[in-house]
Every structure is written in structure tokens, then in C-alpha cells.
Amino acid sequence: MIGFAIVTRNLVKRRGRQRALDGLSLSVPRGAVMGMVGANGAGKTTWMMTVAGFLRPDAGEIDLLGNGPFDATRHGGRVAILPQDSELPLEDTPEGALYRFGRLQGLTAAAARRSVRETLAAVNLTDRARSRMRTLSHGMRKRAMVAQCFVGRPEVVLLDEPLNGLDPVEADRLRRFILSQRGRQTIVISSHNLEDIERLCTHVAFIEKGRVTRMDSVASITHATDRIVFTLVHEPGNIAALSAAVPGASFEWRAAERLLVCTFGDEAGGVAAVNRRLLPALLAQTDVLAVASGLSLEEAFLSRSPTVV
Amino acid sequence: MRTLWHIWQTALGEWGGAIRSRRALVLLVLYLGAALLCMNGTISVLGRMEKELAVVLQLPDSDETGVVSASLWKSKPFNRIVRSVVGESPVLDDISGRHPVELIYAWFVFLCAPLLTVLVAGTRVSEDLRSGAVRYMLVRETRLEWSVGKYLGQALMIAVALVVSAMGAAVVAFCRLPSGTAASLFLPLLNWGLRAWIYSLAWLGLALGISHLTRSPGRATSLGIVAIGLFGALPPLMDFLHSFHGWPGVLTHLRMLVPAGAEMSLWRFSAVPLLSGSFHLVILGLTYLMAGAAFFCRRDV
């Protein structure tokens, strides 16, 4: 049975007359990396802040690690968050702040020091570990803020826009670090960068107006297992030949993008088998510039149906 | 045990932050500066007054500040005059005979403690609320632990500042008074510093309690200063109303809800009133803090 690290049911949070969360229900499987995608003001940050206990919901239920809503006496040290618009104390050093957090989480002095060393190395901040936060650049501070989420390896990590403000090299390093945590921790990431979500996450939830409109694995949402997109030099003339190669498959030609979208069912035997059969038939008609399985998450998000889960 | 550990860690963090940000230094300079100025000014002014008094009252002249005042205290007619003006008071019994420099220092440090406490500590919670730094703590400890840790950290800082300022005042006394007198003042000055610290604990609770109510450090300081004014004015106002209009005696008991109402017990040298007054002030401070923390525990951060 799959356990859930976070379960929220019909969560409501009002801000004045507006409902920032309007009955939001979302379950995050243990060990998953869940991406939250939605427009500004959709409720992603509010959901995270509510799960972390910073905001009190007006209605609904939260079950965090099977222990009810967040309570520092039960969940302290097991949950970490990178909150939006929250600075670490500016006079503190990354090392000092993270060490204190580790000690608060119940780590011994030696374990806290080791964990701080590892996490600062993971975000490439070792050489500035003893500089005051005030003297660090925005990106460095952001990396320190991300690092504090992984001190002591908490079970649940909530990251609100973790890659915002990072240069490409550091963003890539952080992506690889988050990928290395897959399966070890339950991580929820809120981001507007759908490429990042697609690369990092195992699951994704679309949030609109305080509700989840769709939640599934990234592979399902992008049709990575039942759709192949070919970028071609020109339109294939003989679609029938392609259909003969993969019986039951359907084809759609998008002339503007020169994309051929092949959609197939389980009986086709999966992406690799379809590719094996389809590529020779395609190459006989035109050159193939690129092959991708499924849609991009951005395409999936933009073409989403507003079905509320 | 875990709760105490969290409180201690938060207090240590508060100390570390204060030292790194030089807030602790500012606190020390404020307290020490005030103590040095007070002690120096007191010795100078008292010396001049005593010289004039010695001439007018034809008392034996002395170059040592405090000798004339001590002679006056010992004079039975003068003692009767003072008692007829202020009434029979156990406080007067306890402090009569103490060196005037020591008493003026005590008066000054009690006068300054609330304002300095509010100015230095009054923004400590609201600053963290505004910057969002509090969120990093609240996933690791309870809100109450965090609030009490802040209080403890600030209380320890004020203790250090008061001890250092008392020592500074003693150094001035050593420089300005004969060594025998100055040496005899050292422990009493530290003693008054400790009493002022206990008095400050109540004001610290009030300042931090108010700081829990707002994200704006400026507003927290302003509210703190207003609270000092209101709470300082309450005891004399209660006395005034009671004596002039014969209002119910319950009014006079309201003064016990503010620090100034229990201040005089810290001027006593008998153990029972001193200890009960200290306990009263500590509980008062914690009550103010808890009132603010109760609001904080229910608010969104």
C-alpha cells in the first residue's frame, strides 16, 4: 500500500473576501517529488504555508506524516520548508544558522556539524560558510535557504520556488542535488518553471483558483508512455504506411511546428517497441530531426482540461 | 527537557545575533553610558549641595560627598521632618542610613530601565515576523518555545548590561570618592543593578508581549513607549482617584497589575517583601509575554 506523506482534504483559507484555498485536496505519496504548477495566486504558496503550520486553515483537514496537522512537538525536525519572501537572519552565517537549526532538530553537535558541512557542499556554499548572510549575494542567500531544508534530512521538504534567482550553473547543481534526494525524502516543489518541474518531479499537481484541477504522475500527465512526438523535415506523405507499422496508433500532423504526434495504446508494447517499428517507416519518407516521448509538461498544462479532482 | 533545550537554543541564537549585529554593544553602551553619567553627575551635584547645606546648617564641612547627607540622616529632628512629609514608610526605614550616592544611582537605574528595555528589546519579535526569519524556527520548535527563548535571551543580555553598568558606576565612585567609601559602595551598586534587572524583567515581558502583536518594529517601539507612559502613570493616578473621591479600594489594587506598582518592594531590604515583590514582577513579566504569545500562537505568520 502506498503511504502518503501529506494528505490535505477540502482545505479552505480565506484572505479577506478571497479564498486563497477553495477546498484544495491533495495527497503526496511518501518518497515522491511533487511539483505544484499554477498561475500566480493559484494557492500554491498558501497551501505550503498551511501545511507547514504558518497559516491556519479556515476549514478542511491536514494529515502530515500520519500525525495530524503540523505541530512542532510532533513534526519538529521532520518537516522543512523554503518559504517565499523569508530571509535567514542577516547577521548570521550560513554555517551558524544551519548548525543552530540542526541542534534544534535534535542532532548532536557532531551530527549537526557533519550535516551542515554536507548540505553546504551540496549547494556549493562551503567557501562562504562563515560569511555573514548580509554580505552574500541574493543567489548565495537563496542557496543557504535551500540548504537549511536538508539539514538533518527531514522526511518532508517543501520548496517554494527553489531555483528562482540562481545562475544557470548553480540552478543545475541544485537540480542534480534534488534529483539525488528522490526516493529518500518527500519533496514538494512549487515553481513556474515547468521544465524544472518536469525534470525534477515524479508527480505533478495543477492548481487553479485554490483547487487541484489535476494530479498524477508526470509520465501520465505528459503522456510519456502513450505518445511519441517526432520533429520532421517535412510532412510524411504516406500515413497509411505508418499506421500499418503500428496498428491501432493514431497520427496527428502539426504543420506549423513540423511535429508528428503518434498516440498509441498499451497493446502497442510501449515507447521503445513503437519506435522500433515506426522509425524505419518514417525514415523511408522523410528525415527525423528529433524524437520525444510524450508532451512537454508546459504543453500538457496549457492544454489541460479544467477538471477538478 | 526537549522544550528547555529549544528555549535555550533560541536564547543562545538571540545572544549570538545580538553580538554579531552589535545590538548587544549598543545595549551595553546605553546602560554603561547612563550609569557613568548618573554616577558622575550625582557625585558632583550632591557635593555642591552638601557644601551649601553645610554652610546654611552650620554643619562640619567635609570634602567627601555624602558625609553631610549621612549626618542629616542620623539627625533625629531631620528624620522626624522627613517622616512627617512622606509618612511612616517601611521603605524609608530600610533605606535610611544608606549612602545617598547609592540611593540616587538606584533611583536613576530604576527610572531608566523600562525605557532602555523597550528601546532595545521591543522590536525583537516584530523584526523576525517582518523578515520571515521566524518561519525557519517555527518548523523546528513551538511558537511558545520560541517566544520564551527570545525572552530568556534578552533577559540575560540585560543582566550583563546592568552588571557591567553597575561596575562602571563603581569605577566612577572609586575615582571621585575616597577609596574607603567607594569600596563600600561596590556591592550595594551591584545589588541595585540586580534589583533593577528584576524590575526590567517585567518591562521586558511587556515589550516583547507588545512586539508579538505587530510586524512593524517601529510600531512595536511606539506602542512600547506608550505602554511605559500608561503603566507608569497608573499607580499615581489610582492613588489620586482613591484619595480624592473615596473610590472603592479595589482601584488601589489595580496598581499591582503594572510593574511600577510593585517597584517599591525592590527598595526593601527585608527578605519577605523583597522576595515577594521580585516574584510578583517576574510573574507580571511572564504574564505580559504570555498574553502576547497567546495572540502570536493564533496568528498567521
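I take a nonpolar core to be a set of buried Ala, Val, Leu, Ile, Met, Phe, Trp, Tyr and Cys residues joined through side-chain atoms within 4.5 Å. The model I am reading is predicted.

Entry 1, cores. I looked up the largest nonpolar core and found 148 residues in it. The members that touch the most other members are Ile6(A), Trp47(A), Leu158(A) and Tyr105(B). I then asked which element gives this core its largest share. Helix α10 of chain B, residues 179-211, does so with 15 residues. I also noted a second, separate core of 16 residues. Leu242(A), Phe251(A), Ala268(A) and Val274(A) are among its members.

Entry 2, Trp47(A). I listed the contacts of Trp47(A), leaving aside neighbours within four places in sequence. Ile6(A) and Leu158(A) are in contact with Trp47(A), and both are also named with Trp47(A) among the core residues that touch the most other members. The rest of the list for Trp47(A) is Thr8(A), Leu11(A), Leu21(A), Leu24(A), Leu26(A), Val28(A), Met36(A) and Val188(A).

Entry 3, sheet in chain A. I traced an open sheet of four strands with antiparallel pairing, in the order β11-β12-β10-β13. Its edge strands are β11 (250-254) and β13 (288-293), each pairing on one side only. From one strand to the next the twist averages 20°. I checked the pairing of β10 (residues 227-232) with β12 (residues 259-263) in chain A: five bridges join these antiparallel strands. Within β12(A), Cys262(A) stands opposite Ile228(A).

Entry 4, helix on the sheet. I looked for what lies across these strands and found helix α10 of chain A, residues 271-283. This helix lies across β10, β11, β12 and β13 of chain A and runs at about 30° to β10(A).

Key
Residues are numbered from 1 along each chain as its sequence is written. Chains are lettered from A and ligands numbered from 1 in the order in which they are written. This is a predicted model: local features need pLDDT of at least 70, side-chain atom pairs count only at pLDDT 80 or more; totals for chains, interfaces and linings use all residues. Side-chain values use heavy atoms; hydrogens and water are left out. Buried means under 20% relative accessible area, exposed over 50%, partly exposed in between (1.4 Å probe, protein chains only). Helices (H or I, at least four residues) and strands (E, at least two) are DSSP runs, numbered from the N terminus. Contact means heavy atoms within 4.5 Å. Two strands pair if DSSP finds at least two bridges between them. Axes are lines fitted to C-alpha atoms, for helices over the stretch in contact, and angles run from 0 to 180 degrees between N-to-C directions.
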